[in-house]
Amino acid sequence: MLDVFFKALSDPTRREILKILRQGDLTAGEIAEHFNISKPSLSHHLNVLKQADLVLDERKGQYISYSLNTSVFQDLLAWFVDMFNQEDRGDRVEKKK
């Protein structure tokens, strides 16, 4: 899961899409207005974000609306906090020796 997440975040266009979606749900056309890229390229970026579970899509009539999957961000934040808490505990244990 983490590999897919970091791969998705490695591209500046995808990071910018996530920033834009913080404002609310948008269609692909509305997202495209913020970029000077082709529709197939935008579709690729959205698919990478969906595969990483960072973005959700929902069909609304003839349009697909994209939104942030905030639960994934919460899970990753919890993972980071846990990882650093374990390192802090390890540092303290080694310093006591």
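Start by selecting residues 39–51, which make up helix 4: its 13 residues reach 18 Å from the first C-alpha to the last. That is close to the 18 Å expected at 1.5 Å a residue, where the expected span is 1.5 Å times one less than the number of residues. Helices here are DSSP runs of H or I with at least four residues, strands are runs of E with at least two, and both are numbered from the N terminus.

A word on what you have open: this is a predicted model, in which local features need pLDDT of at least 70 and side-chain atom pairs count only at pLDDT 80 or more, while totals for chains, interfaces and linings use all residues. Residues are numbered from 1 along each chain as its sequence is written, and side-chain values use heavy atoms, with hydrogens and water left out.

**Around helix 4**

Show the side chains of Leu42, His45, Leu46, Val48 and Leu49; these are buried, meaning under 20% relative accessible area, whereas exposed means over 50% and partly exposed lies in between (1.4 Å probe, protein chains only). They sit on the same side of helix 4 because they cover an arc of only 155° around the axis, taken from the directions that run from the helix axis to the C-beta atoms. Now spin the view to the other side of helix 4, and you'll find Lys39, Pro40 and Gln51 exposed.

What covers the buried residues? Helix 1 (2–9), helix 2 (12–21), helix 3 (28–32), strand 2 (55–60) and strand 3 (63–68) are among the elements that do so for helix 4.

Next, click on His45 in helix 4. Histidine 45 counts as buried because its relative accessibility is 8%. Leaving aside neighbours within four places in sequence, histidine 45 is in contact with Asp11, Thr13, Arg14, Ile17 and Ile37; contact means heavy atoms within 4.5 Å. Try the distance tool on histidine 45 and threonine 13: they are 32 residues apart in sequence, but 7.6 Å apart in space, C-alpha to C-alpha.

**Across to helix 2**

Keep helix 4 on screen and add helix 2. Their axes come within 10 Å and cross at roughly 75°; axes are lines fitted to C-alpha atoms, for helices over the stretch in contact, with angles from 0 to 180 degrees between N-to-C directions. Helix 2 and helix 4 are therefore roughly perpendicular to each other. (Under 35 degrees counts as roughly parallel, over 145 as roughly antiparallel, 65 to 115 as roughly perpendicular, and the rest as oblique.) To see where they meet, pick Thr13, Arg14, Ile17 and Leu18 in helix 2, then Leu42, His44, His45, Leu46, Val48 and Leu49 in helix 4.

**Out through the loop**

Follow the chain past helix 4 to aspartate 53, in the loop that leads to strand 2. Its phi is near 60°, a positive value in a residue other than glycine. Aspartate 53 counts as partly exposed because its relative accessibility is 42%.

**Into the sheet**

Switch to cartoon view for the open sheet: 3 strands in the order 1-3-2, with antiparallel pairing. Two strands pair if DSSP finds at least two bridges between them. Strand 1 (26–27) and strand 2 are the edge strands, each pairing on one side only. Helix 2 packs on this sheet, touching strand 1, strand 2 and strand 3, and its direction makes about 90° with that of strand 3.

Zoom in on strand 2 and strand 3, which pair over 6 bridges. Valine 55 stands opposite leucine 68, and aspartate 57 faces tyrosine 66. The two strands form a hairpin with 2 residues between them, and glycine 61 in the turn has a positive phi of about 70°.

On the other flank, 2 bridges join strand 1 to strand 3, with threonine 27 partnered by serine 65.

Last stop: arginine 59, in strand 2. Arginine 59 is exposed, with a relative accessible area of 55%. Its C-alpha lies 9.5 Å from that of threonine 27, 32 residues away along the chain.
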